[in-house]
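Student: Please take me slowly through one place where two helices pack against each other, and then show me how the rest of the chain can be read with that kind of care. I would like to follow each step of the reasoning.

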Amino acid sequence: MFSKDRELHEECGVFAVCGYENAAAMCYYGLHSLQHRGQEAAGIVVKNKEALSIQKGEGLVTEVFDQDKISKMKGDHAIGHVRYSTAGGGGIANVQPLLFRTLNGSLGIAHNGNIVNANVLKADLEKKGSIFSSSSDTEILGHLIMREEGHMIDRICNSLNKLDGAFAFLILIENALYVARDKYGLRPVSIGQLPNGAYVFSSETCAFEVVGAKFVRDLEPGEIVRVKDGQIKSKLYTNDVTDKICAMEYIYFSRPDSNLDGINVHTTRKLAGKQLFKEAPVEADLVIGVPDSSISAAIGYAEAANIPYEMGLIKNKYVGRTFIQPTQEMREQGVRMKLSAVSSIVKGKRVVMIDDSIVRGTTSKRIVRLLKEAGAREVHVRIASPAIKYPCFYGVDMSTMDELISNRLNVNELCNYIEADSLAFITEEGIDKSIHFNKEKHKCSLCLACFNGEYVTNLYDSFEMDKIKKGKEY
């Protein structure tokens with residue numbers, strides 16, 4: 001997969017609309033706005049009167065859906081999903097939303113995140129007779145709900161309390177929509193409202209601008225919202241809540257025009273760039289950012305350093321999601337297809353290259369080489385996140401310590417590996433200061449587990465957790 005060269009991938013994004021005549025079309029535009037969160041598959045479940053129907057497939061939103069398909073999806077409620085496969089892997093069986101059909105009605109579920117106790121729950125459910133049709137951890141919630149009794153809200157809440165991990169769930173039944181956020185607040189989900197009063201829900205607020213919705217508020221950690229007959233109600237399904245949104249949502253995953261827990265992503269990245277200069281200044285002629293998620297930080301670094309910001313790297317936005325790379329030579333060519341260095345800008349210059357993160361290190365090395373081959377006299381790499389030393393189990397595709405180069409190499413060794421003239425990462429204190437620039441207004445804290453190994457949850461039967469404990473000498 002060519003996409004692996006970009007180093008990091010979020011698992012997915014979710015979008016829902018209820019009470020809008022052409023709900024599937026609205027959902028399509030919402031998912032298109034969240035395409036950066038997942039490019040491998042997309043799907044929509046729509047409710048028409050008392051029936052749920054589904055359309056899903058592998059590929060981009062524009063590849064899975066066309067005007068003819070959308071026009072046939074009649075209904076005023078819809079939930080949608082864009083996927084990057086991590087837990088459970090790829091394949092059409094794991095493409096979401098998942099649709100469950102039972103004697104008591106249908107149930108559609110879409111999920112952003114990762115359930116860390118999935119294997120424990122799945123083993124218990126299988127002992128009780130459940131048969132799974134996919135390897136996705138999302139399917140577990142459907143089985144749990146169907147085994148509960150009572151009102152649907154109680155069945156869902158009881159089921160959610162059995163899950164541990166990161167999630168934003170959309171649950172569509174024949175007469176209501178339920179939206180839930182994990183009790184740690186690791187994954188974001190927001191509420192918006194259309195001019196006609198219909199409610200929409202999204203992993204990021206950037207989708208609201210596209211569909212013409214007004215931002216209402218974010219879901220709180222441990223909150224579940226129900227929309228039924230045009231009325232919205234909410235409650236906490238647990239009182240055991242914290243507020244630990246994933247720091248990488250701000251650093252890399254989210255679009256710069258999104259606001260997460262009331263904090264604008266572009267602003268945090270720009271402040272991180274300024275903080276990075278304070279922590280790791282260097283004499284240079286210009287600052288460049290690796291497109292696209294590092295541009296804001298590069299602008300901040302340049303402003304703080306009083307050095308010109310330039311477009312020294314250009315991204316080819318038309319490179320496909322996959323690229324056949326049978327040889328090392330062609331793999332190297334793949335980077336050149338995606339990124340180009342502007343020789344007329346960097347030639348003979350001392351360049352500060354800002355990037356959002358280093359995971360495996362191969363991409364950073366190739367970009368440094370691109371710049372030096374284009375004539376850059378020096379390339380100083382500055383990273384707008386702390387060094388990633390520990391795997392993420394909450395929906396990001398870096399689940400083993402072996403693939404994390406900062407777990408094996410110190411900063412000097414890594415600098416030599418990527419062939420840079422200098423290398424520095426922002427500190428944990430620096431990234432926290434950048435995101436929480438207004439402590440009175442922004443009271444949420446951050447999950448920094450991939451930087452310091454301090455996980456928000458128990459990791460249950462994870463082999464990687466055993467390695468982490470040994471490495472930290474617990």
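Tutor: Let us begin with helices α4 and α5, where α4 passes α5 in a left-handed crossing. Please keep in mind throughout that this is a predicted model. Two packed helices are described by the angle between their axes and the distance between the axes. Here α4 covers residues 118-127 and α5 covers residues 138-147, and they pack at an angle of about 45° with their axes 10 Å apart. The two helices are therefore oblique to each other, because an angle counts as roughly parallel under 35 degrees and as roughly perpendicular from 65 to 115. If you look for the residues that make this packing, α4 contributes A118, L121, K122 and L125, which meet I140, H143, L144 and R147 of α5. Sorted by class, the residues of this contact are five nonpolar, one polar and two charged.

One residue of α5 leads us on to a neighbouring element, since T138 is among the residues that L98 touches, along with K56, A93, L107, G108, I109, S134 and E139, when residues up to four places away in sequence are not counted. L98 belongs to strand β5, residues 98-102, and it counts as buried because its relative accessible area is 7%, which falls under the 20% cut-off. Among its partners, I109 lies 11 residues from L98 in sequence, while their C-alpha atoms are 5.3 Å apart in space. Just before this strand comes P97, which sits in the loop between β4 (77-83) and β5, and the peptide bond from Q96 to P97 is cis, with omega near 0°. That deserves a pause, for most peptide bonds are trans.

With the method in hand, turn to a second pair of helices, α9 (residues 265-279) and α10 (residues 295-305), which pack at an angle of about 45° with their axes 6 Å apart. By the reasoning used above, α9 and α10 are therefore oblique to each other, but their crossing is right-handed. On the α9 side the residues in contact are H266, R269, K270, G273, K274, L276 and F277, and on the α10 side they are S296, A297, I299, G300, Y301, E303, A304 and A305. Divided by class, the residues of this contact are seven nonpolar, four polar and four charged.

The loops on either side of α10 hold some backbone details. D292 lies in the loop between β17 (286-289) and α10, and a cis peptide bond, with omega about -5°, joins P291 to D292. On the other side, N306 is in the loop between α10 and β18 (313-315), where its phi is near 60°, a positive value in a residue other than glycine. N306 is exposed, because its relative accessible area is 71%, over the 50% cut-off. A comparable backbone feature appears at E419, which is not a glycine but has a positive phi of about 65°. E419 lies in the loop between α14 (411-417) and β22 (422-425), and it counts as partly exposed because its relative accessibility is 31%.

Finally, consider the positions that a database record marks. An unreviewed UniProt entry lists C246, C392, C447 and C450 under "binding site". They span 205 residues in sequence, yet no two of their C-alpha atoms are more than 10.3 Å apart, so they gather at one spot. Among them, C392 is in the loop between β21 (378-383) and α14 and counts as buried at 10% relative accessibility. C447 lies in strand β23, residues 445-447, and is buried with a relative accessible area of 7%. Leaving aside neighbours within four places in sequence, C447 contacts L186, K244, I245, C246, A247, Y394 and V456. The unreviewed entry in UniProt lists C12 under "active site"; this residue is in strand β1, residues 12-18, and at 0% relative accessibility it counts as buried.

To place these parts in the whole, the protein chain has 17 helices and 23 strands, and 58% of its 474 residues count as buried.

Definitions and conventions: Residues are numbered from 1 along each chain as its sequence is written. This is a predicted model: local features need pLDDT of at least 70, side-chain atom pairs count only at pLDDT 80 or more; totals for chains, interfaces and linings use all residues. Side-chain values use heavy atoms; hydrogens and water are left out. UniProt positions are given in the numbering used here, feature names are shortened, and annotations may be inferred rather than shown by experiment. Helices (H or I, at least four residues) and strands (E, at least two) are DSSP runs, numbered from the N terminus. Buried means under 20% relative accessible area, exposed over 50%, partly exposed in between (1.4 Å probe, protein chains only). Axes are lines fitted to C-alpha atoms, for helices over the stretch in contact, and angles run from 0 to 180 degrees between N-to-C directions. Angles under 35 degrees count as roughly parallel, over 145 as roughly antiparallel, 65 to 115 as roughly perpendicular and the rest as oblique. A crossing is left-handed if the near helix is turned anticlockwise from the far one by less than a right angle, and right-handed if clockwise. Contact means heavy atoms within 4.5 Å. Ala, Val, Leu, Ile, Met, Phe, Trp, Tyr, Cys and Pro count as nonpolar, Asp, Glu, Lys and Arg as charged, and the others, Gly among them, as polar.
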